Amino acid sequence: MEPTDFDALIVGHGPAGCSAALYLCRAGMRVAVIGKDRGALGRAELIGNYYGLPQPVRGSDLVSIGRQQCKELGARMLKDEVLALEWREDGVYEATLAESGAVSAKAALLATGKTRRAPNIEGIREFEGKGVSYCAVCDAFLYRGREVAVLGGGAYAKHEMEELLPLAKKITLLTHGAEPEFDPPGEVAVQTAKLLRLHGGELLTGAELEGGLTQPLQGLFVALGAASAGDLARKLGLPLKDGAVEVNAAQETTLPGLFAAGDCTGSFAQVAFAVAEGARAGMGMIQFLRN
Ligand SMILES: Cc1cc2nc3c(=O)[nH]c(=O)nc-3n(C[C@H](O)[C@H](O)[C@H](O)COP(=O)(O)OP(=O)(O)OC[C@H]3O[C@@H](n4cnc5c(N)ncnc54)[C@H](O)[C@@H]3O)c2cc1C
């Protein structure tokens, strides 16, 4: 059986995550790197402003090179989606993955790329904290016996729905124009029409959907796409600044052994910056693990 317990776990196999992994592996640490896709770098057609490239390189090729480099050094590369990251009582970080169970480590790095902004739906920002939530683990209890919806249709939305199931009176999965990627249990209603706007007074009371449909609603849990670093950090009780994970000059968050690097910290969105922050985080994690 493959090991699930590591010295360091890294969420994201872009330039920030892989750069940290290189330092950790070369220091003899057992490292797991988890990534779900090719991230921002995979979408960059050509990178021509990074040191050491005689010709511009396709972003997607640079992702493959970085991943291969980590693999050669002994990192365990997992293609999977992280749904949640928990800091256990024994001081160990445990990541829940969509497909391969759980992975744990004494130190962890958030390197998930740019933190997702709230979707551009009328009323979402206005009702944040008054019905709109980004964290079922944190807020499900506040909505016990209430009518709620989860906005999203992927593995992360399923994870949020499961947190709400034991507490909410009624749950609707609002997939916002897409088909759900999983079969929700019978008690969960599915609505695929696009969400147009939220309404209410002091608190959220309902939503308007495409096609003139309305949905009574006291809580809306936003879970479109995958969990971003901001979502994972929020669940750990960490402060965010403009949606980015707050770190000090050593890439440390306020939790012992938890670091963040790259676009998710709100730094200048360039490969060189992500690589530098990843290297700094990797070195900090080595120091943390050795102490
Ligand atoms: C179109 C475009 C063009 C660009 N051009 C340039 C350029 O010319 N020069 C330059 O220097 N920079 C460029 N950039 C910016 C550069 O790509 C980013 O700054 C850099 O990739 C950031 O690295 P990162 O590791 O922080 O994040 P990313 O490269 O975005 O990597 C994030 C990683 O996190 C993973 N991830 C996210 N959420 C989860 C989850 N829940 N579970 C598991 N894995 C997760 C992703 O799969 C990915 O592996 C460009 C970006 C874009 C989009």
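These exercises work through the fold and three loop residues of a predicted model.

**Exercise 1. Overall build**

Task: Count the secondary-structure elements, then decide how compact the protein is.

Solution:
- Step 1. Start with the elements. The protein has seven helices and 19 strands.
- Step 2. Compare the radius of gyration with the globule rule. The radius is 20 Å, and the rule gives 19 Å for 291 residues. The two values are close, so the protein is as compact as a globular protein of that length.
- Step 3. Add the dimensions. The C-alpha trace spans about 55 × 45 × 35 Å along its principal axes.

**Exercise 2. Inside and outside**

Task: State what share of residues is buried, what the surface is made of, and how contacts spread along the sequence.

Solution:
- Step 1. Of the 291 residues, 48% count as buried.
- Step 2. The exposed area is about 14,100 Å². Carbon and sulfur atoms supply 50% of that area.
- Step 3. Take contacts between residues at least 6 apart in sequence. Of these, 56% join residues at least 24 apart.

**Exercise 3. The charged residue D80**

Task: Locate D80, then find what its side chain pairs with.

Solution:
- Step 1. Place the residue. D80 sits in the loop between strand 5 (76–79) and strand 6 (82–87).
- Step 2. Look for a salt bridge. D80 is buried but has none. The nearest side chain of opposite charge is K79, 8.5 Å away. The cut-off for a salt bridge is 4 Å.
- Step 3. Look for a polar partner. The side chains of D80 and S100 are joined by a polar contact of 2.3 Å.
- Step 4. List the surroundings. Beyond four places in sequence, D80 is in contact with I34, G35, K36, L97, A98, E99 and S100.

**Exercise 4. Two positive phi values**

Task: For H176 and for Q251, give phi and the loop, then classify each residue as buried, partly exposed or exposed.

Solution:
- Step 1. Recall the background. Most residues other than glycine have a negative phi.
- Step 2. Read the angles. Phi is near 55 degrees in H176 and near 70 degrees in Q251. Both values are positive, and neither residue is glycine.
- Step 3. Place them. H176 is in the loop between strand 11 (170–174) and strand 12 (188–191). Q251 is in the loop between strand 18 (244–245) and strand 19 (258–260).
- Step 4. Apply the cut-offs. Buried means under 20% relative accessible area, and exposed means over 50%. H176 has 23% relative accessibility, so H176 is partly exposed. Q251 has 2%, so Q251 is buried.

Key. Residues numbered from 1 in each chain as written. Predicted model: local features only at pLDDT ≥ 70, side-chain atom pairs only at ≥ 80, totals over all residues. Heavy atoms only, no water. Helix = DSSP H or I, 4+ residues; strand = E, 2+ residues; numbered from the N terminus. Buried < 20%, exposed > 50% of the residue type's maximum accessible area, 1.4 Å probe, protein only. Lys, Arg positive; Asp, Glu negative; His and termini not counted. Polar contact = N/O pair within 3.5 Å; in protein donor to acceptor, adjacent residues only side chain to side chain. Contact = heavy atoms within 4.5 Å. Rg over C-alpha atoms; globule rule 2.2 N^0.38 Å. Areas by Shrake-Rupley, 256 points an atom, 1.4 Å probe, with all protein chains shown as cover.
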